[in-house]
Amino acid sequence: MDSEFACTLCGRCCNGFGRYIKINQMIGGAYGCSLTLTKEAFMAVPDPGRSLLLSDKSYFLEHPDACPFLRKDGEDTICTIYQSRPRFCRDYICCTGKVMKNGVVCGEMKGRRDLRTDDQTLKDRWAELADMFGGLGDPAWRQEVSERLCGDGYEVIFYG
Ligand code: SF4
Ligand code: SF4
């Protein structure tokens, strides 16, 4: 089963990015930056209506390692330069799918073959499936995982 990934704006993906995104200079209202991981240079421009939020640095009291452009906006954690974020951030894939049981999410797929879960039974089963089918191409891998886990009483949803 395929579905769309819905970002929950939890901010986890950007909370450790302060060590990689460097602001080198300010040019007018924009920021000349570099992403040290990829050596990418980019010009960050605050999204419309985000300048005031960006000037509030209180987010770093609890998240000292966060990206310099990450801020809390109500319940959401947002990128204040979303429209001009670097390519690395544009290409980032958070979750590739999820595993559910009785309507509750019990596992989040990361990358191509990883699963984040607190369900030890599911964790063991996933490792077994990765051993058996991890070398297959993505369509075949998805089919095997879906069929096997459905047989175990789980529902498997791939994004996209
Ligand atoms: S992309 Fe994923 S980790 Fe990042 S804010 Fe959205 S849900 Fe959270
Ligand atoms: S630029 Fe935006 S998307 Fe990229 S790490 Fe910073 S807050 Fe996250």
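Visitor: How many nonpolar, polar and charged residues make up the shell around ligand 2?

Guide: In this predicted model, the shell around ligand 2 comprises 9 nonpolar residues, no polar residues and 1 charged residue. Its members are C14, F17, I21, C67, F69, L70, C79, I81, R85 and C89.

Visitor: Which residues surround ligand 1, and how do they divide by class?

Guide: The residues around ligand 1 are C7, T8, L9, C10, G11, R12, C13 and C94. By class, this shell contains 5 nonpolar, 2 polar and 1 charged residues.

Visitor: In which sense do strands β5 and β6 pair?

Guide: A general idea on strands may help first. In a regular strand the side chains alternate between the two faces of the sheet. In the present case, β5 (residues 70-73) and β6 (residues 76-79) are antiparallel, with 4 bridges between them. L70 lies opposite C79 of β6, and both L70 and C79 are listed around ligand 2. The hairpin has 2 residues between the strands, and G74 adopts a positive phi near 65° there.

Visitor: Why does the end-to-end distance of helix α5 agree with its number of residues?

Guide: The expected rise is 1.5 Å a residue, so the 14 residues of α5 (residues 138-151) should span 20 Å; the C-alpha atoms at its ends are 20 Å apart, in agreement. Just after α5, G153 has a positive phi of about 95°.

Visitor: What does the domain assignment give, and how far apart are the C-alpha centres?

Guide: The assignment gives domain 1 (8-91) and domain 2 (97-159). Their C-alpha centres are 33 Å apart.

Definitions and conventions:
Residues are numbered from 1 along each chain as its sequence is written. Chains are lettered from A and ligands numbered from 1 in the order in which they are written. This is a predicted model: local features need pLDDT of at least 70, side-chain atom pairs count only at pLDDT 80 or more; totals for chains, interfaces and linings use all residues. Two strands pair if DSSP finds at least two bridges between them. A residue is near a molecule or strand if its C-beta atom, placed from the backbone, lies within 6 Å of it. Ala, Val, Leu, Ile, Met, Phe, Trp, Tyr, Cys and Pro count as nonpolar, Asp, Glu, Lys and Arg as charged, and the others, Gly among them, as polar. The expected span of a helix is 1.5 Å times one less than its number of residues. Domain bounds come from an automatic or database domain assignment.
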